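The exercises below are meant to be worked with the sequence and the structure side by side. Try each task before reading the solution that follows.

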Amino acid sequence: MNLTDVFYRSNQTETVGIRLTEAEFEELAAGVRGLEDVRLKEAAEVTLSLEHTEKGKALIKGFGTMILEGACSRCLEPVPVSLPLDFCRIVYAPEAIPDEEQKEEQQFLTEYELDAKGLILEELCLSVPVKLLCREDCRGICKKCGQNLNQKDCGCDDFVPDIRLAGLMDLFQNSST
Ligand SMILES: [Zn+2]
Ligand SMILES: [Zn+2]
């Protein structure tokens, strides 16, 4: 999507619907930090509005909802996550970029070409929870026999019924990876 008009025509506003399919998401999200373990559960539609603000500068607003699915970090069962997207980004034309920092922040923009899906994924990364839980008190799986302890107790010796302790274990696991 070319932003030349939005950057240089006053009163220029464009609205576009960006559709992301499950397969596309899988391809785009591969290797993106924070999105490795989630998949898109149904095709998503995100609306982007592009507004001229001043010469060489534009405002991009995006909104939509994405239905993702990831694994519970304790019991590994699939957990659906409904993520509302609602963001605003200021972008600059190549000759109007104020500093290096801004350049870093608009990597989804190559010259005047906007990689709309790249931008959406970047925004999504920021809102995907680092740790998913199927429920707050998920009891996880038995480390000895692999039984999902939400379904039934397995009776193994090292069964730890204290959920506060289970939370602490998660913490240790996360810090060692
Ligand atoms: Zn769980
Ligand atoms: Zn067990």
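pLDDT is the predictor's confidence in each residue, on a scale from 0 to 100. It belongs here because this is a predicted model.

**Exercise 1. Confidence**

Task: State the mean pLDDT of the protein chain, and find the elements where confidence is lowest and highest.

Solution: Begin with the chain as a whole, for which the mean pLDDT is 90, with 89% of the residues reaching 70 or more. Then turn to the single elements: helix α5 (residues 163-176) has the lowest confidence, at a mean of 65, while strand β7 (residues 113-114) has the highest, at 97. Finally, keep in mind that predicted coordinates should not be read in detail where pLDDT is low.

**Exercise 2. Strand pairing**

Task: Work out which strands pair with β4, and by how many bridges.

Solution: Start from β3, which pairs with β4 in the antiparallel sense over eight bridges; one pair to look for is Leu-50 with its bridge partner Ile-60 in β4. Next take strand β2 (residues 39-40), which is also antiparallel to β4 and pairs with it over two bridges, and here Arg-39 stands opposite Glu-69 in β4. The third partner is β5, joined to β4 by 15 bridges in an antiparallel arrangement, where Gly-70 stands opposite Val-79 in β5.

To extend the picture beyond β4, follow β3 to strand β1 (residues 13-20), which runs antiparallel to β3 and is joined to it by eight bridges; the bridge partner of Leu-20 in β3 is Ala-44.

**Exercise 3. Positive phi angles**

Task: Locate Asn-11 and Leu-76, and decide for each whether it is exposed or partly exposed.

Solution: Asn-11 lies in the loop between α1 and β1 and has a positive phi of about 70 degrees although it is not a glycine. Asn-11 counts as exposed because it has 6 C-beta neighbours inside 10 Å, and the cut-off for an exposed residue is 12 or fewer.

Leu-76, likewise not a glycine, has a positive phi of about 70 degrees and belongs to the hairpin of β4 and β5, which has six residues between the strands. With 13 other C-beta atoms within 10 Å, Leu-76 is therefore partly exposed. For the hairpin of β3 and β4, which has two residues between the strands, the residue to inspect is Gly-56, with a positive phi near 80 degrees.

**Exercise 4. The surroundings of Cys-75**

Task: Describe where Cys-75 lies and which residues it touches, leaving aside those up to four places away in sequence.

Solution: First place Cys-75 in the loop between β4 and β5 (78-92), where it counts as partly exposed because it has 19 C-beta neighbours inside 10 Å. Then list its contacts, leaving aside residues up to four places away in sequence: Cys-134, Cys-138, Gly-140, Ile-141, Asn-148 and Asn-150. As a last step, compare sequence with space for one of these contacts: Cys-75 and Cys-138 are 63 residues apart in sequence, and their C-alpha atoms are 7.3 Å apart.

**Exercise 5. The largest nonpolar core**

Task: Identify the residues that touch the most other members of the largest nonpolar core.

Solution: The core holds 23 residues, and those touching the most other members are Leu-3, Leu-40, Leu-50 and Ala-58. The elements that give two or more residues to this core are α1 (4-8), α2 (22-29), β3 (44-54), β4 (57-71) and α4 (116-127). To follow one member, take Leu-3, which touches Leu-50, Ala-58, Tyr-112 and Leu-114 when residues up to four places away in sequence are not counted.

Methods. Residues are numbered from 1 along each chain as its sequence is written. Chains are lettered from A and ligands numbered from 1 in the order in which they are written. This is a predicted model: local features need pLDDT of at least 70, side-chain atom pairs count only at pLDDT 80 or more; totals for chains, interfaces and linings use all residues. A nonpolar core is a set of buried Ala, Val, Leu, Ile, Met, Phe, Trp, Tyr and Cys residues joined through C-beta atoms within 7 Å. A residue is buried if 20 or more other C-beta atoms lie within 10 Å of its own, exposed if 12 or fewer, and partly exposed in between; C-beta atoms are placed from the backbone. Two residues are in contact if their C-beta atoms, placed from the backbone, lie within 7 Å. Two strands pair if DSSP finds at least two bridges between them.
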